[in-house]
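Work through the exercises below with the model open beside you. Try each task before you read its solution.

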Amino acid sequence: MPATVTLSPDQFAQTLADSGLRNTPQREVIYSILLKKRDHPTADEVYARVKAELPTISLATVYNCLEALVNCNLVRAVNFEREPTRYCPNLHPHAHFHDETAGSTHDIDLPPGLLDQVRAILPPGYDALSIEISFRGRTAPEAATR
Ligand SMILES: [Zn+2]
(Lines give C-alpha, C1' and ligand atoms only; values in the text may rest on other atoms or scores of the structure.)
Protein backbone atom coordinates (compact mmCIF):
# COMPACT_ATOMS: atom_id res chain seq x y z
CA MET A 1 0.00 0.00 0.00
CA PRO A 2 1.33 3.48 -0.81
CA ALA A 3 2.09 5.65 2.21
CA THR A 4 -0.69 7.91 3.40
CA VAL A 5 -1.11 10.75 5.85
CA THR A 6 -4.41 11.29 7.63
CA LEU A 7 -5.69 13.58 10.35
CA SER A 8 -7.36 13.04 13.71
CA PRO A 9 -10.86 14.57 14.10
CA ASP A 10 -9.34 17.45 16.10
CA GLN A 11 -6.76 18.18 13.44
CA PHE A 12 -9.53 18.03 10.84
CA ALA A 13 -11.60 20.66 12.65
CA GLN A 14 -8.50 22.79 13.24
CA THR A 15 -7.48 22.68 9.58
CA LEU A 16 -10.93 23.89 8.56
CA ALA A 17 -10.80 26.61 11.23
CA ASP A 18 -7.37 27.73 9.97
CA SER A 19 -8.98 28.36 6.59
CA GLY A 20 -11.86 30.25 8.21
CA LEU A 21 -14.30 27.37 7.67
CA ARG A 22 -16.60 25.74 10.18
CA ASN A 23 -16.60 22.02 10.71
CA THR A 24 -20.04 20.69 9.76
CA PRO A 25 -21.43 17.15 10.05
CA GLN A 26 -21.65 17.03 6.24
CA ARG A 27 -17.98 17.96 5.81
CA GLU A 28 -16.97 15.43 8.41
CA VAL A 29 -19.00 12.61 6.85
CA ILE A 30 -17.74 13.39 3.34
CA TYR A 31 -14.15 13.44 4.55
CA SER A 32 -14.62 10.10 6.33
CA ILE A 33 -16.15 8.63 3.17
CA LEU A 34 -13.10 9.71 1.17
CA LEU A 35 -10.83 8.12 3.78
CA LYS A 36 -12.83 4.90 3.94
CA LYS A 37 -12.45 3.91 0.31
CA ARG A 38 -9.46 5.52 -1.36
CA ASP A 39 -10.46 4.93 -4.95
CA HIS A 40 -10.52 8.59 -6.00
CA PRO A 41 -14.31 8.89 -6.39
CA THR A 42 -16.01 11.57 -8.45
CA ALA A 43 -18.52 13.95 -6.80
CA ASP A 44 -21.37 11.74 -8.08
CA GLU A 45 -19.79 8.68 -6.48
CA VAL A 46 -19.26 10.54 -3.20
CA TYR A 47 -22.91 11.63 -3.35
CA ALA A 48 -24.09 8.02 -3.78
CA ARG A 49 -21.99 6.90 -0.78
CA VAL A 50 -22.86 9.80 1.51
CA LYS A 51 -26.60 9.28 0.99
CA ALA A 52 -26.38 6.05 2.96
CA GLU A 53 -25.39 8.12 6.00
CA LEU A 54 -27.10 11.44 5.25
CA PRO A 55 -30.17 10.57 3.14
CA THR A 56 -31.35 14.17 2.77
CA ILE A 57 -28.05 15.66 1.54
CA SER A 58 -28.12 17.29 -1.91
CA LEU A 59 -25.57 16.96 -4.70
CA ALA A 60 -24.98 20.72 -4.44
CA THR A 61 -24.02 20.31 -0.77
CA VAL A 62 -21.65 17.48 -1.69
CA TYR A 63 -19.96 19.71 -4.30
CA ASN A 64 -19.81 22.53 -1.77
CA CYS A 65 -18.23 20.32 0.92
CA LEU A 66 -15.70 18.85 -1.52
CA GLU A 67 -14.73 22.35 -2.61
CA ALA A 68 -14.23 23.40 1.03
CA LEU A 69 -12.05 20.35 1.70
CA VAL A 70 -9.97 21.08 -1.41
CA ASN A 71 -9.63 24.77 -0.51
CA CYS A 72 -8.15 24.01 2.88
CA ASN A 73 -5.85 21.34 1.40
CA LEU A 74 -7.42 18.39 3.20
CA VAL A 75 -8.29 16.79 -0.12
CA ARG A 76 -6.70 17.00 -3.56
CA ALA A 77 -8.79 17.50 -6.66
CA VAL A 78 -7.45 15.17 -9.33
CA ASN A 79 -8.18 15.93 -12.94
CA PHE A 80 -7.68 13.86 -16.02
CA GLU A 81 -8.53 15.19 -19.45
CA ARG A 82 -12.23 14.77 -20.37
CA GLU A 83 -12.97 13.10 -17.04
CA PRO A 84 -14.95 14.45 -14.09
CA THR A 85 -12.85 15.68 -11.14
CA ARG A 86 -11.88 12.98 -8.65
CA TYR A 87 -11.06 13.49 -4.99
CA CYS A 88 -8.07 12.18 -3.05
CA PRO A 89 -7.57 12.48 0.74
CA ASN A 90 -3.94 11.28 0.66
CA LEU A 91 -1.82 14.25 1.79
CA HIS A 92 1.47 12.43 1.24
CA PRO A 93 3.16 13.72 -1.94
CA HIS A 94 2.29 11.23 -4.64
CA ALA A 95 1.57 10.82 -8.32
CA HIS A 96 -1.60 9.43 -9.88
CA PHE A 97 -1.96 6.67 -12.39
CA HIS A 98 -5.21 6.65 -14.31
CA ASP A 99 -6.12 3.33 -15.86
CA GLU A 100 -8.10 4.33 -18.94
CA THR A 101 -9.47 0.85 -19.54
CA ALA A 102 -10.73 0.20 -16.01
CA GLY A 103 -11.47 3.87 -15.27
CA SER A 104 -9.63 3.51 -11.96
CA THR A 105 -7.09 5.88 -10.40
CA HIS A 106 -4.19 4.72 -8.25
CA ASP A 107 -1.78 6.49 -5.90
CA ILE A 108 1.88 6.11 -6.83
CA ASP A 109 4.52 6.84 -4.21
CA LEU A 110 7.31 9.17 -5.29
CA PRO A 111 10.94 8.47 -4.44
CA PRO A 112 12.35 11.00 -1.95
CA GLY A 113 13.80 14.02 -3.68
CA LEU A 114 12.01 13.46 -6.98
CA LEU A 115 9.82 16.56 -6.67
CA ASP A 116 12.93 18.65 -5.88
CA GLN A 117 14.58 17.26 -9.00
CA VAL A 118 11.51 18.09 -11.08
CA ARG A 119 11.36 21.57 -9.55
CA ALA A 120 15.03 22.06 -10.44
CA ILE A 121 14.30 21.88 -14.19
CA LEU A 122 12.42 25.18 -13.99
CA PRO A 123 14.28 28.24 -15.26
CA PRO A 124 15.28 30.89 -12.70
CA GLY A 125 12.33 33.03 -11.65
CA TYR A 126 9.74 30.25 -12.12
CA ASP A 127 8.41 29.47 -8.67
CA ALA A 128 6.06 26.44 -8.70
CA LEU A 129 3.46 26.38 -5.93
CA SER A 130 2.64 22.78 -6.67
CA ILE A 131 3.71 19.99 -8.98
CA GLU A 132 1.34 17.33 -10.25
CA ILE A 133 2.58 14.15 -11.80
CA SER A 134 0.02 11.96 -13.49
CA PHE A 135 0.20 8.95 -15.72
CA ARG A 136 -2.48 7.62 -18.06
CA GLY A 137 -2.43 4.11 -19.34
CA ARG A 138 -3.28 0.57 -18.41
CA THR A 139 -2.46 -1.63 -15.44
CA ALA A 140 -2.00 -5.38 -15.71
CA PRO A 141 -4.69 -7.29 -13.73
CA GLU A 142 -2.20 -8.42 -11.06
CA ALA A 143 -0.79 -4.89 -10.65
CA ALA A 144 -4.21 -3.25 -10.27
CA THR A 145 -4.89 -4.99 -6.94
CA ARG A 146 -1.86 -3.36 -5.28
ZN1 LIG B 1 -4.31 10.15 -4.73
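Two strands pair if DSSP finds at least two bridges between them. Keep that rule at hand for the first exercise. Note also that this is a predicted model.

**Exercise 1. The sheet**

Task: Find the order of the three strands in the open sheet, and state which strands stand at the edges.

Solution:
- Step 1. Start with one pair. Strand β3 (residues 94-99) and strand β4 (residues 104-109) run antiparallel and share six bridges.
- Step 2. Check the register. A95 faces I108 of β4. F97 has H106 as its bridge partner in β4.
- Step 3. Look at the link. β3 and β4 make a hairpin, with four residues between them. In the turn, G103 has a positive phi of about 75 degrees.
- Step 4. Add the remaining strand. The order is β4-β3-β5, and the pairing is mixed.
- Step 5. Name the edges. β4 and β5 (134-137) each have a single partner strand, so each has one side without a neighbour in the sheet.
- Step 6. Add the twist. From one strand to the next, it averages 25 degrees.

**Exercise 2. Two helices**

Task: Decide how α2 and α3 are oriented to each other, and list the residues that make the contact.

Solution:
- Step 1. Recall what is needed. Two packed helices are described by the angle between their axes and the distance between the axes.
- Step 2. Take both values. The axes of α2 and α3 (residues 43-50) come within 10 Å and cross at roughly 110 degrees.
- Step 3. Apply the cut-off. Angles of 65 to 115 degrees count as roughly perpendicular. α2 and α3 are therefore roughly perpendicular to each other.
- Step 4. List the residues. α2 supplies V29, I30 and I33, while α3 supplies V46, R49 and V50.
- Step 5. Sort them by class. Five are nonpolar, none is polar and one is charged.

**Exercise 3. S19**

Task: Is S19 buried or exposed? Place S19 in the chain and find its contacts.

Solution:
- Step 1. Locate S19. It lies in the loop between α1 (9-18) and α2 (25-36).
- Step 2. Count. S19 has 12 other C-beta atoms within 10 Å.
- Step 3. Compare with the cut-off. A residue with 12 or fewer is exposed, so S19 is exposed.
- Step 4. Find the contacts. Leaving aside neighbours within four places in sequence, S19 touches N71 and C72.
- Step 5. Relate S19 to the hairpin turn. G103 is 84 residues away along the chain, and the two C-alpha atoms are 33 Å apart.

Conventions. Residues are numbered from 1 along each chain as its sequence is written. This is a predicted model: local features need pLDDT of at least 70, side-chain atom pairs count only at pLDDT 80 or more; totals for chains, interfaces and linings use all residues. A residue is buried if 20 or more other C-beta atoms lie within 10 Å of its own, exposed if 12 or fewer, and partly exposed in between; C-beta atoms are placed from the backbone. Two residues are in contact if their C-beta atoms, placed from the backbone, lie within 7 Å. Axes are lines fitted to C-alpha atoms, for helices over the stretch in contact, and angles run from 0 to 180 degrees between N-to-C directions. Angles under 35 degrees count as roughly parallel, over 145 as roughly antiparallel, 65 to 115 as roughly perpendicular and the rest as oblique. Ala, Val, Leu, Ile, Met, Phe, Trp, Tyr, Cys and Pro count as nonpolar, Asp, Glu, Lys and Arg as charged, and the others, Gly among them, as polar.
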